[in-house]
Protein chains: 2
Amino acid sequence: MLVVKKFGGSSVAEPERIKRVARRVVEEHQRGNQVVVVVSAMGDTTDDLITLMKKVTNNPPEREVDMLLSTGEQISIALLSMAIRDLGSDVVSLTGGQVGIETDEVHTKAKILKVSTERMKVELEQNRVVVVAGFQGINNNKDITTLGRGGSDTTAVALAAVLKADVCEIFTDVDGVYTTDPRVVPEASKLTNISYDEMLELASLGAQVLHPRSVELAKQYGIPLHVRTSFDHREGTIVEEAPDMENAPVVSGVAHDFNVAKIGLFDVPDKPGVAKTIFKALSAHNINVDMIIQSAMRNNMNDIGFTTTHDDLRKALLTIEAIQQEVGFKGYTHDEDVAKVSIVGAGMISHPGVAADMFEALADEEINLEMITTSEIKVSCVIKRSETERAVKALHKKFCLDDLEAARNYGQ
Amino acid sequence: MLVVKKFGGSSVAEPERIKRVARRVVEEHQRGNQVVVVVSAMGDTTDDLITLMKKVTNNPPEREVDMLLSTGEQISIALLSMAIRDLGSDVVSLTGGQVGIETDEVHTKAKILKVSTERMKVELEQNRVVVVAGFQGINNNKDITTLGRGGSDTTAVALAAVLKADVCEIFTDVDGVYTTDPRVVPEASKLTNISYDEMLELASLGAQVLHPRSVELAKQYGIPLHVRTSFDHREGTIVEEAPDMENAPVVSGVAHDFNVAKIGLFDVPDKPGVAKTIFKALSAHNINVDMIIQSAMRNNMNDIGFTTTHDDLRKALLTIEAIQQEVGFKGYTHDEDVAKVSIVGAGMISHPGVAADMFEALADEEINLEMITTSEIKVSCVIKRSETERAVKALHKKFCLDDLEAARNYGQ
C-alpha cells in the first residue's frame, strides 16, 4: 500500500512533536507500506519569517517572498527526516524543486502544473520514506514558488494523485471535520464522512481544516482524504465522493470566515462592459474576489459591492483607484469589520426553504445581512464581525447540528 | 567593471544591517558597475539551526544537515534582495543550485567542481544585482551540499573566478588582516597587503578572516581579494600575489587556533604501512588531520600523534578504535584542552633562525611545546590551551609586530 501523510505546522511545531510524527511515520513504514510524507513549516516559522521581512521592507517582490518563506518547509523536512532515520527507517527529504513540482509563474499563489514521479519512485523503490516539503514548487525558470497559505494540503493531494496512492491522510490539530468550529460552539458534532462538494464549500468558507484547492484536486482525481489528528490514533473524517446522500443531513456544517473585506463602488454608470472592466482588472492582479452583488439601478447608476480577503484589500483598492476614471464611478468605500457566515449541505438541493430558515434564524438574533450569495449547496451572508459568534451559534442550533440524527431529519 | 562582494553573517545579522549592506551594494550598482553579492546566513542562524537539530537527534545524516543549514543563506539572500529592490536597483536572488554551483558528493564539506555562469550572465545583462547564497551548492543528484563553515568566502572567489571579476571584496567585521588577533593583542597592526601564501597559512591557522580554500582558489585564478569592513568605507587589506617581497616583514602574523584536538597512539608496531593504514582510514572518513608527529622508536614500537578539529574528534576516535586490532597499537589518548600558535611570514625563507627565536620566546614564558611543525613560511606549535594568550602576546612582541617598520627590519 502507498500512503501519503500530510502533517501541518502545529504537528511539527517543536522537536518533541517532530519525533512523535516520526514514530507515526515509521510505524506505517515498518508495517511494509510505502510512505510519502508532506510537511509544513514548524509552528510559527512562516509568521516569524514574515515578521522579519517586514523589518526589512513593506513592499517585497513576491519572487523573494517565495524564496524566503520556502525555507520554513525545508527546515521541517530536514529535521523530520533526521528523526525518522533515528528510528531506523531509511529516509530522504526532498524540496518541491527536487521532487519536480512544476507550477505556473504566479509567485505566492502558484498553481501546480505537473508533478514528476521519477525521483520519488527511485527513492521509494529503495525502501526509503520520502519526506517532501509542502507548499512549494518551482516554475520553468527554476525559481521557487509557493502555493499560498495551506498549500501543503494541495501538495499532499497532488502527490497522492500522481503516485496513485491508496489513501491521503491529512493530520491536523483537530480530530476531524466538525459541523462548525467547536471553539465557537462546544456542541459541534464530528462528521464521520462528508462529500467533496460539501467539504469544498466548508473549506472555501473558512472552516480551515483543509485547503479548498486540495479538496478540488482530491475530487478531480478521486483521492479519498482522511482528516485526522496527529495526537492520537482515532479515526477522523473521510472526505469522498457523495457518501450515502440519502442519509446525509440537510445542512452538514456552519462555517464562518473573518478574512473578508467588503468594497463598495457607488454611482457606477449602467453601461455594458463596466463589470467586465472592473473584475478583469482585479483578476489581472490576482486578487481573489468572492461575493459580488449589484444593486438596483437608479438614474442609470448602479452600486456594485464585492468581497475580497484582508491580504488582497490594499491591492484591490489600488486597482480600483487606477480604473476609477476609465470606468467613471463616483466613489468607493471599504469595510474590514465584517465576517461571512455560511451554511453548507448537499441535502439543500432537495429541501427548499433552507435559505429562508437561515435568514429567519439570523433575523431572530437581530443580525443585519449586508450581502447574500447562494449556490446549490450553500448560503452565505456577510454580517458585522462582532455578530459572528451569535450568528454561528444560532445557525448551528437552527439546523439541529448538535445531534446528527436530528439534523438528518430536519424539515421532514 | 564587475565586482563580487561577499558579506559575512555579522554584516547581515539583523534587518538594519541588511539595509546598510543593501545601500553599499546599490551605491556600487548605481555607479554603473555589475555587482554579484555573496551572502552568509544572518548572525547566529546557523548555530540556532544546529541547536534545534540537536534537540531532534545527535546523529543526523549529513545529507539532511545540508538540507537544514542551507536554509540560513536562503533567508539572507531573500531579505537582502528585498532591501536592494527597495533602494531602486533591480535584483534577483539565487540559491547555489539556481546558480549552478556543482559540487562533489561530500555532504557538509563539499568541494566545488564547476560553476555555471549562464543564469548569472542573463541576470547581469538585464542590469540586475545578483545575490547568491554562499556556502552551498548541489551535487549531480540535485541534492543540496554545503561547503563547510566559512564556505561563503569560497563561493565568492569561485564566482569571481568564473565571471572574471575585476575584484572580489570580502566584507567582514574586522577592517583587514592584522598581524594577530587584536582582541588578544591590542597593539596588533593592520597589514595593507599580504601574499596569497601567507594569507593561506594565516587562514589555515585559525586567523578566521578568510576561509583557507577561498585563498587557495584566489591564488589559483589570480583573483585579488580585498578584505575590508562593512561598517565604513576604509580600505582594508589586499591579498595578492607576492606584493613587494623584499620589503615584507620577516614574520607577518601570529595566529592561534583553539579548534584543535590531539590524539596520541602509543606502542604502534614499527613496520611498513602502519602510518598508511592509519591515515588512509582517517581520510576515508573525511577527517581533517593537520599535524602529524612520530616519536623515536624503542623496542620496535613508535608513538604516533596527530591533531584534528574538535568537530572531527569523535569520528576520528571511532575510526582509530575500528583499526586498533588491524594496526596492533596498544592504546590511544586524546586531549581537547590544547591550542595551536603559529608564526607566518614569507620573509622566513631568507631569514634562518626564526623558528629558534619563536621557541626562545615561548621558553621565556615557560610554555611547554607539545608538538611542532614547520613549513617554508610558518612554524606551528601545539601548547596547553590556557597558555595561548600569553604565547600570542610574547610572539607578537618578539617579532616587533606592533610596529611594521621594525618588523621589516627584524634580524638585520
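Contact here means heavy atoms within 4.5 Å, a criterion that applies to the residue neighbourhoods and helix packing described below. The structure is a predicted model, in which local features need pLDDT of at least 70 and side-chain atom pairs count only at pLDDT 80 or more, while totals for chains, interfaces and linings use all residues. Residues are numbered from 1 along each chain as its sequence is written, chains are lettered from A and ligands numbered from 1 in the order in which they are written, and side-chain values use heavy atoms, with hydrogens and water left out.

**Confidence**

- With pLDDT being the predictor's confidence in each residue, from 0 to 100, chain A averages 91, and 97% of its residues score at least 70.
- For the complex, the predictor gives an ipTM of 0.76 and a pTM of 0.78.

**Annotated binding site in chain A**

- An unreviewed UniProt entry carries the annotation "binding site" for Thr46(A) and Glu73(A); such annotations may be inferred rather than shown by experiment, and feature names are shortened, with positions given in the numbering used here.
- These positions span 28 residues in sequence, yet no two of their C-alpha atoms are more than 8.8 Å apart, so they gather at one spot.
- Thr46(A) lies in helix α2 (residues 45–56) of chain A, and Glu73(A) is found in helix α3 (residues 62–86) of chain A, where helices (H or I, at least four residues) and strands (E, at least two) are DSSP runs numbered from the N terminus.
- Thr46(A) is buried at a relative accessible area of 13%, and Glu73(A) also counts as buried, at 3% relative accessibility; buried means under 20% relative accessible area, exposed over 50% and partly exposed in between, with a 1.4 Å probe and protein chains only.
- Leaving aside neighbours within four places in sequence, Glu73(A) is in contact with Val39(A), Ser40(A), Ala41(A), Thr46(A), Ala133(A), Gly134(A), Phe135(A) and Gln136(A), whereas the corresponding list for Thr46(A) holds Ala41(A), Leu69(A), Glu73(A) and Arg149(A).

**Relation of the two chains**

- A turn of 180° with a shift of 0.1 Å along the axis lays chain A on chain B with an RMSD of 0.1 Å, which is the relation of a two-fold axis; the copies are superposed by least squares on the C-alpha atoms of residues with pLDDT of at least 70 in both.
- Among the residues of chain A, Thr71(A) comes closest to the rotation axis, at 2.6 Å (C-alpha).
- The copies meet through the same surface, because 100% of the interface residues of chain A are also interface residues in chain B.

**An open sheet in chain A**

- Four strands of chain A form an open sheet in the order β13-β18-β20-β19, with antiparallel pairing, where two strands pair if DSSP finds at least two bridges between them.
- The edge strands of this sheet, each pairing on one side only, are β13 (253–257) and β19 (371–375) of chain A.
- Strands β18 (residues 338–344) and β20 (residues 378–384) of chain A pair in the antiparallel sense over seven bridges, and the bridge partner of Val344(A) in β20(A) is Lys378(A).
- Helix α11 (residues 354–364) of chain A lies across β18, β19 and β20 of chain A at about 20° to β20(A), and helix α12 (residues 388–398) of chain A lies across β13, β18 and β20 of chain A at about 10° to β18(A); axes are lines fitted to C-alpha atoms, for helices over the stretch in contact, and angles run from 0 to 180 degrees between N-to-C directions.
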